[in-house]
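Please walk me through this structure, starting with its charged side chains and ending with how the chains are arranged.

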There are 2 protein chains.
Amino acid sequence: VSDPDQTFGRQPSQIAELGEFGLISRIIGQLPPNPVGVLVGPGDDAAVVLAADGRVVISTDVLVEGTHFRWDWSEARDVGVKAAAANLADIAAMGARATALVVGLVAPADLSVSVIDGLVAGLRDEAALVGAAIVGGDVTAGPCVTLAVTVIGDLEGRTPVLRSGAQVGDLVVLAGRLGWSAAGLALLQSGRDGAGIDLVAAALIAAHRRPEPPYAAGPQLARAGATAMCDVSDGLVADLGHLAEASGVAIALDIDALPSTPGVTFDQVLSGGEDHALVATLRADVPIPAGWREIGVVRAGHGVVEAQSAAPITGPG
Amino acid sequence: VSDPDQTFGRQPSQIAELGEFGLISRIIGQLPPNPVGVLVGPGDDAAVVLAADGRVVISTDVLVEGTHFRWDWSEARDVGVKAAAANLADIAAMGARATALVVGLVAPADLSVSVIDGLVAGLRDEAALVGAAIVGGDVTAGPCVTLAVTVIGDLEGRTPVLRSGAQVGDLVVLAGRLGWSAAGLALLQSGRDGAGIDLVAAALIAAHRRPEPPYAAGPQLARAGATAMCDVSDGLVADLGHLAEASGVAIALDIDALPSTPGVTFDQVLSGGEDHALVATLRADVPIPAGWREIGVVRAGHGVVEAQSAAPITGPG
């Protein structure tokens with residue numbers, strides 16, 4: 001009982017009170033035991049993770065306070081979920097299964113410990129959805145909260161699904177939501193949160209705070225023979241534009257086949273990012289797996305065009 | 001010739017002029033071709049790297065402007081070197097060889113493009129020292145420059161060398177510099193830079209700006225049978241304290257065996273971090289490989305003590 005704060009059961013309220021090593025211990029204490037496949041977990045110079053197929057998939061995404069999230073619009077747990085989701089979706093878009101994450105966390109010294117707890121819970125629980133674990137990290141002082149997440153994954157013997165493999169005649173298919181996050185953000189920006197909002201608005205705001213990428217759909221479509229795939233983080237037209245350019249083809253979108261959601265505008269469907277839907281191309285003779293819908297076809301040419309008119313679609317806004 | 005700036009050969013001076021995708025293209029353009037072992041390099045949702053031994057070592061470290069570096073004391077290239085070095089040393093300390101890095105880069109929109117070029121050059125060239133490549137990243141806007149680097153590595157069939165494996169009777173061995181970076185920082189803090197400084201001061205300041213961790217010494221000592229290892233990033237006494245605690249032993253330091261460097265105080269040797277020396281333990285009957293020096297012995301007990309007097313050593317300052 002050498003710490004008088006402990007005697008009275010007082011919890012530290014700011015991370016500066018914990019110090020770097022105290023903060024690291026606290027974070028590690030909130031993680032579950034290392035799953036099978038994590039050979040060395042947090043606490044050493046580095047972690048060691050099984051890479052059973054002899055290759056490792058790796059991607060990184062950074063979320064910055066003020067740029068990617070605001071504390072008046074998101075709780076800490078939501079931000080943790082969002083940071084994990086952006087990374088986990090990139091692994092899914094390669095047709096792989098995420099196995100482990102490391103987290104670089106920058107925070108001001110006066111940040112509430114409860115914010116750290118929330119961030120860790122969001123990261124941990126979102127990772128757990130796909131069976132991945134947080135295996136290491138770094139915490140350091142800085143002017144605003146920044147989460148730099150890196151995720152690694154396992155292709156389980158499959159060929160990675162790149163953006164560059166789309167072939168003329170392939171179908172274009174979609175899994176996941178389009179424009180929900182953008183619509184939710186627009187509601188928050190217009191001050192339409194709090195008591196009295198309707199169910200649709202509440203669902204869209206929730207979708208902005210906690211995206212729900214279709215993680216399992218990535219490996220599923222890779223197994224079915226996807227020729228190209230990417231996640232929608234910049235907006236459907238922008239990301240299909242990247243895929244079209246990488247593949248040297250045109251993507252012809254069937255506008256009528258795009259999902260229609262109450263409260264979500266057509267512009268938000270075309271240009272909203274952050275839902276981390278997956279878009280992919282698939283040979284036309286392959287049955288479309290459950291959870292995926294056909295939204296277009298791959299043609300010769302370039303860019304993203306409207307299937308009926310062949311007019312170029314440029315992301316609005 | 002659609003861009004009038006290009007017509008007159010004008011280079012963009014701020015990263016905002018390039019935009020996100022222009023900036024990414026510029027960075028990728030400064031990287032060498034993918035080495036063998038990088039199956040998918042930058043530009044897709046994720047990279048794919050060979051993990052030949054069926055396991056992957058992973059570590060992350062974040063450097064923040066104002067916390068870890070200052071632009072009046074370091075050039076951009078130095079900061080890139082430093083960010084890579086901190087990460088590469090962690091992989092070496094596991095007895096592994098680094099294979100690939102991903103870099104999360106946060107920067108204000110008005111940052112000079114030349115700073116980005118310098119950061120990339122430093123990261124790229126330091127990684128190349130060990131045969132590792134930058135395989136992906138993320139760039140985003142934020143209030144201060146932040147580099148979040150994650151590195152993965154290959155154990156090449158070896159057992160990872162943890163902090164927890166030291167045994168009573170083992171020798172304590174050191175590779176690399178102690179206190180150089182701290183001494184260089186002290187010179188910078190006292191304004192002793194610029195014309196007229198002596199060779200020793202110049203070397204110490206250079207060591208602060210660009211650490212030179214003994215990367216090859218990590219795998220070398222793992223092959224020789226190291227029982228425990230870590231890199232010195234918090235200071236010799238602090239890091240040996242972590243190793244002693246993880247192993248449940250005491251580390252008895254032979255003070256006279258510690259390296260002595262002109263311009264570096266004894267306190268800086270004991271408590272200076274950032275040189276990323278490697279410290280390790282080795283069975284006493286194993287010949288000490290070239291490049292390593294004996295600095296103590298593992299005893300029963302706890303903490304870091306002075307070998308002759310058995311008095312506890314606490315990091316000064």
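Salt bridges and symmetry

In this predicted model, B:R124 and B:D125 form a salt bridge through their side chains, with N and O 2.8 Å apart. B:R124 has a relative accessible area of 21% and is therefore partly exposed, since buried means under 20%. B:D125 is partly exposed as well, at 29%.

That pair belongs to a wider set: over all chains, the whole structure holds 28 salt bridges. One of them runs between chains, where the side chain of B:R163 meets that of A:D45 at 3.4 Å, N to O. B:R163 sits in the loop between β6 (146-154) and β7 (171-175) of chain B, and A:D45 in the loop between β1 (38-40) and β2 (47-50) of chain A, so this salt bridge joins two chains. Both B:R163 and A:D45 are buried.

Within chain A, A:R97 pairs with A:E156, their closest N and O atoms lying 2.7 Å apart. This salt bridge links distant parts of the chain, as A:R97 is in strand β4 (residues 97-107) and A:E156 is in the loop between β6 (146-154) and β7 (171-175), 59 residues apart. A:R97 is partly exposed at 31% relative accessibility, and A:E156 is partly exposed at 37%. The two residues are also part of a salt-bridge network that links A:R97, A:D154, A:E156 and A:R158.

Now to the arrangement of the chains. Chain A superposes on chain B after a rotation of 180 degrees with 0.0 Å of shift along the axis, at an RMSD of 0.0 Å. This is the relation of a two-fold axis. Both copies use the same surface, as 100% of the contact residues of chain A recur in chain B. The residue of chain A that comes closest to the rotation axis is A:G54, with its C-alpha at 2.4 Å.

Note on methods:
Residues are numbered from 1 along each chain as its sequence is written. Chains are lettered from A and ligands numbered from 1 in the order in which they are written. This is a predicted model: local features need pLDDT of at least 70, side-chain atom pairs count only at pLDDT 80 or more; totals for chains, interfaces and linings use all residues. Side-chain values use heavy atoms; hydrogens and water are left out. Copies are superposed by least squares on the C-alpha atoms of residues with pLDDT of at least 70 in both. Contact means heavy atoms within 4.5 Å. A salt bridge is a side-chain nitrogen of Lys or Arg within 4 Å of a carboxyl oxygen of Asp or Glu. Helices (H or I, at least four residues) and strands (E, at least two) are DSSP runs, numbered from the N terminus. Buried means under 20% relative accessible area, exposed over 50%, partly exposed in between (1.4 Å probe, protein chains only).
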